[in-house]
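Trainee: I am new to this structure. Please take a close look at a single part of it, and go on from there to whatever else can be said.

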Amino acid sequence: MGMKWWGWGDERVSFSHADKPALGPFLNKHIGVDVDRVASAAPPFADLDVPAPGVPDALREALEEAVGAAQVSLDPLDRVVHARGKSLRDLVRHRRGELGRVPDVVVRPADEQQVAAVLHAALDHDAVLIPFGGGTNISGSLEAPADETRAVISLDLARLDQVLEIDERSRLARVQAGALGPALEEQLGRRGWTLGHFPDSFSHSTLGGWIATRSSGMQSDKYGDVADLTRAIRVVTPNGIVATRPVPAASTGPSVREMVLGSEGRLGVITEATVHVHRAPERREILGYLFPDWPRALEAMRELAESEATPSVTRVSDAPETQFSFATRKAPTLLDRVQSAALQTFLRRARGFDVDAMCLSFIGFEGSPRHVELQRRLVSRIVSRHGGLCVGKGPGVLYDQKKFDTPYIRDFLLDRGVLGDVSETSAPWSALPGLYDHVVAEARRAIAEQGVPGYVMCHLSHSYHAGACLYFTFAMNPEGAAGDPLDIYAAVKTAVQQAFIDAGGTLSHHHAVGTEHAEWLEQDVSPAGAAMIEALLTGVDPGGNLNPGKIVPTRARAGESA
Ligand SMILES: Cc1cc2nc3c(=O)[nH]c(=O)nc-3n(C[C@H](O)[C@H](O)[C@H](O)COP(=O)(O)OP(=O)(O)OC[C@H]3O[C@@H](n4cnc5c(N)ncnc54)[C@H](O)[C@@H]3O)c2cc1C
């Protein structure tokens, strides 16, 4: 079963509020939505006006020769699914039938040789080639420019899905780039290994997509981000195959591997990577903790990063996100106990908690039972020093179980006319408290200026030696407001992104630049830094045939003046 053309994930799965009694009242209170009223469901696919494909005969013949006629698809649904990623703007416009520049053809190569043949066909016929992994990016990294007049080929890597080799002594695996998270982990798991990369989009995203967007998974505290996990890459480029060696470190000038990380298909097609793998842990636990407030929770996370503790997950929600988590609970669960009168009384009286300010945290431990025990003790001491307490395994088990279901909630909200989205950043520890305050204030100001009800919440995840990622979620209900809801959304998204930059953060910790964040690149990496990136992209691909317009807008094609 393929990905929905209008939303997230499997056609057979959807989010429901029916078994979550507190959610409806919570959403009604904060964003004025009636969850029982579906206001704007996606139209039937047959109602869409899908533009006819424009593939010149010579190009089509070359593509068929490269991969076989059966792997060259002009099917309208196939083309629409490949047209965009899953950002809020992508979904809203798709649902409205505003399909943009749909690719003319979807091509599915079987191996690296076929990838090279397709790339050469694209260059020979001056077509645009857009590598497609799982189509889950939320940065506008897949959509062809609206005014693109050349034929657009979406190159779907799904058939390159094999773990090719495991070097057990070096703990390295060679993996084809089109492997989806579950297929990759299943093949590694059969031999007792894991990559340890679990983004929330795990079930529908690919190794090549992770590398091309510099993705980060939930357990990055232990395993690293995909940039740390990727030791070597093979990439089909206009100048031949780029292949780097899987050495642990090298002094070979600017890193070619690093140039490919985050390149969003603009330098070529990643066909395989050699990645770190770890033995599947003997024991894995995620424990829930409560902190009295956000400043103390943040400081506990900082001290954990500074300590000898090495948890696999460190995550803490601010008070608004904690309240949202409680509102999504099914009754009865252990989370209910957290809100039970007895526990609330204990928290208030014995621990001095204000239950409206408290922050829910998940901390994960992996390894031998002895290691897990030791880690738990280290963490417990630090948590206590900051007024926090452990609430046991229940909330962690629940979080672990439902994390891959959470993405479905955005479609549920869209069906009810509510726009919900995320933006994330990273910053040094010293900047994080100020950044948090500034972003929340700016997001709330922007929502208020638009005159709509809205909600802003945040969590810290992915801790490092020098700082951490802050992940903001904002939702608004534009019902009854004048103007296009997407303009209302854009005003809030812009305020959040600008606040990141103004407060010392980056434009994105792990969601990439694409087109959604390109506006902030110069402010983030400096104008000279952005010019360096542009020189790299246009140097490798002077004709602008490879996924043009992403990261930095393509200013000029070969032979044209800027
Ligand atoms: C609900 C949801 C949850 C998410 N959670 C996370 C998260 O926890 N962590 C995280 O990091 N991200 C997350 N994301 C974002 C997204 O999943 C990542 O950006 C992911 O890395 C994209 O992988 P993909 O295979 O879907 O790539 P695609 O969306 O298909 O492509 C992304 C970009 O990479 C390029 N590309 C893809 N494959 C190749 C290749 N083989 N060679 C060259 N270029 C290629 C494409 O051209 C495009 O520019 C989430 C997204 C959603 C919708």
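**The sheet and its surroundings**

Mentor: Start with one pair: Glu165 has Arg174, a residue of β6, standing opposite. Residues are numbered from 1 along each chain as its sequence is written, and side-chain values use heavy atoms, with hydrogens and water left out. This is a predicted model, in which local features need pLDDT of at least 70 and side-chain atom pairs count only at pLDDT 80 or more, while totals for chains, interfaces and linings use all residues.

That pair belongs to β5 and β6 (residues 172–176), which are joined in the antiparallel sense over 4 bridges. Strands here are DSSP runs (E, at least two residues), as are helices (H or I, at least four residues), both numbered from the N terminus. Two strands count as paired if DSSP finds at least two bridges between them.

The wider setting is an open sheet of 5 strands with antiparallel pairing, in the order β5-β6-β10-β8-β9. Each of the edge strands, β5 (163–167) and β9 (240–243), has a single partner strand, so one side of each is left without a neighbour in the sheet. From one strand to the next, the twist averages 10°.

At the β9 end, β8 and β9 pair in the antiparallel sense, also over 4 bridges. They make a hairpin, with 2 residues between the strands. Thr237 has Gly240 in β9 as its bridge partner.

Two helices lie across parts of this sheet. α6 (residues 181–189) lies across β5 and β6 and runs at about 45° to β5. α5 (residues 112–124) lies across β8 (230–237), β9 and β10 (269–276), at about 45° to β8. Axes are lines fitted to C-alpha atoms, for helices over the stretch in contact, and angles run from 0 to 180 degrees between N-to-C directions.

Next, a pair of helices. The axes of α4 and α19 (residues 485–502) come within 11 Å and cross at roughly 180°. The two helices are therefore roughly antiparallel to each other, the term for angles over 145 degrees (under 35 is roughly parallel, 65 to 115 roughly perpendicular and the rest oblique). From α4, Leu88, Arg89, Val92, Arg93 and Arg96 meet Pro485, Leu486 and Tyr489 of α19, where contact means heavy atoms within 4.5 Å. By class, these residues are 5 nonpolar, no polar and 3 charged. Ala, Val, Leu, Ile, Met, Phe, Trp, Tyr, Cys and Pro count as nonpolar, Asp, Glu, Lys and Arg as charged, and the others, Gly among them, as polar.

α4 (residues 88–96) also gives the largest share of the lining of the largest cavity, 3 residues. On a 1 Å grid over the protein atoms alone, a cavity is a set of points where a 1.4 Å probe fits but cannot get out; a pocket is an open set with protein on both sides within 12 Å along at least five of seven lines, and lining residues have an atom within 4 Å of a point. The volume of the largest cavity is about 40 Å³, volume being the space filled by probe spheres set on the points, which are joined across faces, edges and corners. Its lining includes Lys4, Trp5, Asp90, Leu91 and His94, and divides into 3 nonpolar, 2 polar and 4 charged residues.
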